[in-house]
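Subject: Structure for you to look at, with notes

Dear colleague,

I am handing over the structure below, and my notes on it follow. Please read them with the coordinates open beside you.

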Amino acid sequence: MGLYQNNPIFSHLAPATALTLAALALTLFLVGCGDRADSESAHEFLLPWPVADSAEGEYRLQRVQVKGLEDPGRLRGSRAEILSQVQGFHSGRMSGRLAEPRLAQKDGLWVPKDDRSSMAVALYAHLDRLVRLDEVLTPSRHLRRPRQAAFELKVQGGRYNQAVYQPKIDAIYFSPYRMEGLSLAVNGGVIAHEHFHAHFNEFIIKPLLTQHRQENLPRLNSSGALALRTPADHNWALLRAWNEGLADFWAYIYGEGSPFLGQSLMGMSACRIGGPARGGQGLQVIIPGKVQPRFFHPREKLTQEPQTLITSCDLYSLGSRFTRLLQSLAELNAVQRPAAHGGQVLTHYQAMGALILEKLPQVYRSLGPSFAQAEWDPAELLVLFFQDEDLSRESCFLLNQALDWDPERREMLQEVCPSETLEVTD
Ligand SMILES: [Zn+2]
C-alpha cells in the first residue's frame, strides 16, 4: 500500500489503507467464482475500484480482474484501447501512443507503480466492462470497437477537469484533473456517462445530421446559452438534456444504483440538481435516487422569465430530472426483460438499460421527422420508451406525477398506462 501514500489520486481514499487481508481474500474469491467459465485471458490488478453496494459510492483499492489484455503492460484489447498521447486522427479514429502502465508483479497480482499507470488501467478496465455490458443488453447491435479513450490530454486553451465524448472521432478523452475527489478518468460513473454519449450519437445525433446540415443546427452562443426561437431550438435543447440525463442514468445502471458519479466534484454538479449544491458536498447527498421529480420543460423557464436564455447548466438540470425519474422507475422494477444471451438474469437497472438501447432508434424514427417543424413534449419521449411495457400502477402514478398531473399530458400517458392508474389522488 505504501506506493499510494501521498499520491493525489488516492489521498481521499484513506480507508483503502485499512483494507484487511480477509477483505482482499473475499474479493478474490468472489471475482474468481464469477469468471470460472470464461477462458479469455484475465489479469489481476490492484486498482481504486467502486465498492459493491456502497450507499456512498465509495472507492477502495481492490483486486480487480481485468479481461481482454494479451499483455498487461499494453492497454489494448478487442473491446477497449487506451492512449496516453494523441498524435493525430485517421479514418475518424485517434492515433497515438498506446498506454503502457508501469507495473510491479507480486504473486500474480499486477500493481501499478504510479498515478498515471493506475489511472490508465482503471480506465481500460471500466471501458472493457461497459462494452461487455452493451453486449449483454443488445447482443445483436454494437458500437465500433475497440472503444478508444485518452487520458491526461492537454487540451487547447489549457482546460482542466474535463471528461468529453467527441463524436467526430467517436472517442472519450480526459483532460488533467486538478480538483478534489476522485480523478475523472478513474471514476467508473463518469466513464459510463461518456460511454453512453456514443450510443446517443449513433442512434439519434448521427441520423439527425443526415437530415439537417450541422451548420443549420442550433448553437449555443459565446456564453453557452441558447435562445429558444424555433421548434428546432427547442427540440435541440431537449435532445441535449435527454442525452445528459440518460448518460447520468447510464452511470447508475453501470453502478447498479450506486451514486459513484458524485465521487468526483465536477464543475457541472451544481447544475445537475437544478440549483446550488448544498454544503458543497456534491451530487451524492442531493440525488438520493428516490426524489420524486417534477418534470421540467424548456418552455417553462421562458414562460416565467421571457428574456432568459437556456444555458448549458439548465440543460443539465433538465436532464437530471429525467435521470431521477428513471432511477425511481428502475427501483420500482418498472420494466422486465428476459434473461440475456448466456442466461444472465438482468437486474432492474440493466432491464432499463436494455429498454433504452432498444428504443433509441425508435425515438428517432418517431420524433426525428418533425425536428424542425413542431416542438416536442417531454412526455412524448416517455410514451415512446414505455409503449408496450406492462407498467405497474406505481410506475404509472409516478409518471403522471412527473408530468405535473397535466391533463393534456395525461392523455398521452394513456397510451402506456390504463386510465384508472392515472387518477389524481391526494
Ligand atoms: Zn455528458
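I begin with a helix pair: H4 and H8 are oblique to each other, because an angle of about 45° is neither under 35 degrees nor in the range from 65 to 115. Please keep in mind throughout that this is a predicted model. The axes of H4 and H8, the latter covering residues 312–331, lie 7 Å apart, and the crossing of H4 and H8 is right-handed. On the H4 side the contact is made by Ala237, Arg240, Ala241, Trp242, Glu244, Gly245, Asp248, Phe249 and Tyr252, and on the H8 side by Leu315, Tyr316, Leu318, Gly319, Ser320, Phe322, Thr323, Leu326 and Gln327. By character, the residues of this contact divide into 10 nonpolar, five polar and three charged.

H4 also packs against H3, with an angle of about 135° between them and their axes 7 Å apart, and H3 and H4 are therefore oblique to each other as well. The crossing of H3 and H4 is right-handed. From H3 the contact takes in Gly188, Gly189, Ala192, His193, His195, Phe196, His197, Phe200 and Ile204, which meet Leu239, Asn243, Leu246, Ala247, Asp248, Trp250, Ala251 and Tyr254 of H4. The residues of the contact of H3 with H4 divide into 10 nonpolar, six polar and one charged. Asp248 is listed in the contact of H4 with H3 and is also listed in the contact of H4 with H8.

H3, which spans residues 188–211, has H2 as a further partner: the axes of H2 and H3 come within 10 Å and cross at roughly 50°, which makes H2 oblique to H3. H2 passes H3 in a right-handed crossing. Here Leu123, His126, Leu127 and Leu130 of H2 meet Gly188, Ile191, Ala192 and His195 of H3, and the residues of this contact divide into five nonpolar, three polar and no charged. Gly188, Ala192 and His195 of H3 appear in the contact with H2 and appear again in the contact with H4.

Turning to the protein as a whole, there are 12 helices and 11 strands, and of its 426 residues 42% count as buried. Among contacts between residues at least 6 apart in sequence, 66% join residues at least 24 apart.

In soluble globular proteins, nonpolar side chains tend to be buried together. The largest nonpolar core here has 101 residues, of which Ile82, Leu123, Tyr124, Phe151 and Met352 touch the most other members. Helix H4, residues 231–254, gives the most to this core, with 14 residues. Leu123 is also among the residues by which H2 meets H3. Which residues does phenylalanine 151 touch, not counting residues up to four places away in sequence? They are Ile82, Ser84, Met119, Ala120, Leu123, Phe174 and Ala185, and of these Ile82 and Leu123 are named with Phe151 among the core residues that touch the most other members.

There are also some points of backbone geometry to look at. Most residues other than glycine have a negative phi, and most peptide bonds are trans. A cis peptide bond joins arginine 145 and proline 146, with omega about -5°, and proline 146 is found in the loop between helix H2 (115–137) and strand S7 (147–150). Aspartate 53, although not a glycine, has a positive phi of about 60°; the residue sits in the loop between strand S1 (42–50) and strand S2 (59–67). Is aspartate 53 buried or exposed? Aspartate 53 counts as exposed, because 9 C-beta neighbours lie inside 10 Å. Glutamate 256 likewise is not a glycine and has a positive phi, of about 50°, in the loop between H4 and helix H5 (269–272). Glutamate 256 counts as partly exposed, because 14 C-beta neighbours lie inside 10 Å.

Lastly, leucine 367 lies in helix H9, residues 348–367, and is partly exposed, with 19 other C-beta atoms within 10 Å. Leaving aside neighbours within four places in sequence, leucine 367 is in contact with Trp376 and Glu380. The C-alpha atoms of leucine 367 and asparagine 235 are separated by 9.5 Å, the two residues being 132 residues apart along the chain.

With best wishes

Methods. Residues numbered from 1 in each chain as written. Predicted model: local features only at pLDDT ≥ 70, side-chain atom pairs only at ≥ 80, totals over all residues. Core = buried A, V, L, I, M, F, W, Y, C linked by C-beta atoms within 7 Å. Buried ≥ 20, exposed ≤ 12 C-beta atoms within 10 Å, placed from the backbone. Helix = DSSP H or I, 4+ residues; strand = E, 2+ residues; numbered from the N terminus. Contact = placed C-beta atoms within 7 Å. Axes fitted to C-alpha atoms, helices over the stretch in contact; angles between N-to-C directions. Parallel < 35°, antiparallel > 145°, perpendicular 65-115°, else oblique. Left-handed = near helix turned anticlockwise from the far one by under 90°. Nonpolar A, V, L, I, M, F, W, Y, C, P; charged D, E, K, R; others polar.
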